[in-house]
Amino acid sequence: MAIAVETRTAPTEVAVTSGMTGMQKMARVMWGPMLLMGFMMVAIAFIIGIVNSGTAADYFAADKATREAATAGSSLVDNRVTIEGIRAWLPGFKFLGMGLILSGITFLVATILGTLRHLGYRVQTALGRDVMIPTPPGEARVFPMLMMMGLMVLIGTFIVAIVVSQQAGEYWNHSIATELDPALAGSALLSQLGTINAEAAWLAPLKFLGLATILTGIAFALAAIVKVLRAQADMVVGFISND
Amino acid sequence: MATQRNLVQEARFTPWQLTAGKRLALAGLMVVMAVVIVGIVVAGIVAGYYENPKDVRDAAAAGSDVLANQGTIAAVQAWLAPLKFVGLSTILVGIGVILWGIARTLAVRASVFAQVIPKLASGK
């Protein structure tokens, strides 16, 4: 199968990014900040988890009857509101951090692809030939889209998780014994409880879908490396065929 | 001439791991998509279950709809959570297979370079 090429005249100066596509130039700059931001988010989630564990310890220091009888505005109910609110949004925040780390890895693979293109450019320049850079394989066009889609899913789930945490806060800001437990069918409180639990049921798999989409993007980026390596070997053979 | 043709064929070698890895990654993604769809269906059952007041849920008798819903929610969650990981693992195995393909491609590339570079150096 013939490999499509675009011909460029060899320049006198060779920049570090010569031969790279626009996406690869951006990836070369962005992989570090993405990895750092992602790791910071996961670390922040861990710190918030520790703080929330202190609130949970305070809350469960009171006996069950006291906790359930506590009314809105009391420190016990406030603690419960904090615990349930954080429990609703923190997983989404962690997954977004993981998504950013995986996006950083995707950008790193894109940087490797760019470096391979640059390598081909340098070799042809050194041999004094017209620079012929293969057109990127289909996988190279697909993986940035998969990465962006996955990241958008994770951002979306995080936004929904913030809304759910608001609802959880409102729901738990009531006395368990006198308001939440006796709530009647069709009441606003029961409807809120149903919404919170139903959203949790679909939100958890959706977060995994975001991560899975980014990981599939990484698989396609690696597949593009295989094709680029093949194209380079083909091109090198072309050197002796043309001579 | 025959050697030249063999060299071109060697340079255009595509490892089977490339196709297999991509297929595994896509299969894993589809498994996770299926988990999301089941999650949405379960969310409807969860919403219905919590429409019942707490005393009704707690006092649900064997064979009642409320208890059946509770059982469905618990049973589905029990296999749905591991299935998410099956999907993710399939994608990761796909990534591993493609990395294997990269290793094989690099090996072939080394062989091609070993044949081409001496010819380039000698100007033949």
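What follows is a chat between a biologist and a modeller about a predicted model of two chains.

Biologist: Before we start, what are the ground rules for reading this one?
Modeller: Residues are numbered from 1 along each chain as its sequence is written, while chains are lettered from A and ligands numbered from 1 in the order in which they are written. This is a predicted model, where totals for chains, interfaces and linings use all residues, local features need pLDDT of at least 70, and side-chain atom pairs count only at pLDDT 80 or more.

Biologist: What does the model score for ipTM and pTM?
Modeller: Start with pLDDT, the predictor's confidence in each residue, from 0 to 100. Chain A averages 90, with 93% of its residues at 70 or above, and chain B averages 91, with 98% of its residues at 70 or above. As for the model's scores, ipTM is 0.88 and pTM is 0.88.

Biologist: Which element of chain A has the lowest confidence?
Modeller: Elements here are DSSP runs numbered from the N terminus: helices are H or I with at least four residues, strands are E with at least two. In chain A, confidence is highest in helix H4 (residues 138-172), at 95, and the low end has a mean of 57. Where pLDDT is low, the predicted coordinates should not be read in detail. The low-scoring element is strand E1 (residues 5-8) of chain A.

Biologist: And in chain B, which helix has the highest confidence?
Modeller: Chain B has four helices and zero strands. Confidence is lowest in helix H1 (residues 2-11) of chain B, at a mean of 77, and the top value is 96, which belongs to H2(B).

Biologist: In what order do the elements of chain A run?
Modeller: Chain A has six helices and two strands. Reading from the N terminus on, the order is β-α-α-α-β-α-α-α.

Biologist: What is the radius of gyration of chain A?
Modeller: That radius is taken over C-alpha atoms, and the globule rule is 2.2 Å times the number of residues to the power 0.38. For 243 residues, a compact globule would come out near 18 Å. The C-alpha atoms of chain A fill a box of roughly 90 × 30 × 20 Å along the principal axes. The radius of gyration of chain A is 27 Å.

Biologist: Is chain B compact or spread out?
Modeller: Its elements run α-α-α-α from the N terminus on. The globule rule gives 14 Å for 124 residues, but the radius of gyration of chain B is 28 Å, so chain B is more spread out than a compact globule. The C-alpha trace of chain B spans about 90 × 20 × 15 Å along its principal axes. In a word, chain B is spread out.

Biologist: How far does H4(B) reach from its first C-alpha to its last?
Modeller: The expected span of a helix is 1.5 Å times one less than its number of residues. H4(B) covers residues 65-122, which is 58 residues, and the expected figure is 86 Å. Gly123(B), just after H4(B), takes a positive phi of about 75°. The reach of H4(B) is 84 Å.

Biologist: Where does H3(A) bend?
Modeller: H3(A) covers residues 75-126, and its end C-alpha atoms are 73 Å apart, which agrees with the 76 Å that its 52 residues should span. The bend at a residue is the angle between axes fitted to the seven residues ending there and the seven starting there. In H3(A) the bend is about 30°, and Pro91(A) follows within four residues; the bend is at Trp89(A).

Biologist: Why does Met37(A) count as partly exposed?
Modeller: A residue is buried if 20 or more other C-beta atoms, placed from the backbone, lie within 10 Å of its own, exposed if 12 or fewer, and partly exposed in between. Met37(A) lies in helix H1 (residues 22-59) of chain A, and its C-alpha is 7.0 Å from that of Leu100(A), 63 residues apart along the chain. Met37(A) counts as partly exposed because its C-beta neighbours inside 10 Å number 16.

Biologist: How many residues of chain B are in contact with chain A?
Modeller: Two residues are in contact if their C-beta atoms, placed from the backbone, lie within 7 Å. Chain A brings 39 residues, which divide into 30 nonpolar, six polar and three charged. For those classes, Ala, Val, Leu, Ile, Met, Phe, Trp, Tyr, Cys and Pro count as nonpolar, Asp, Glu, Lys and Arg as charged, and the others, Gly among them, as polar. On the chain B side, the number in contact is 50.
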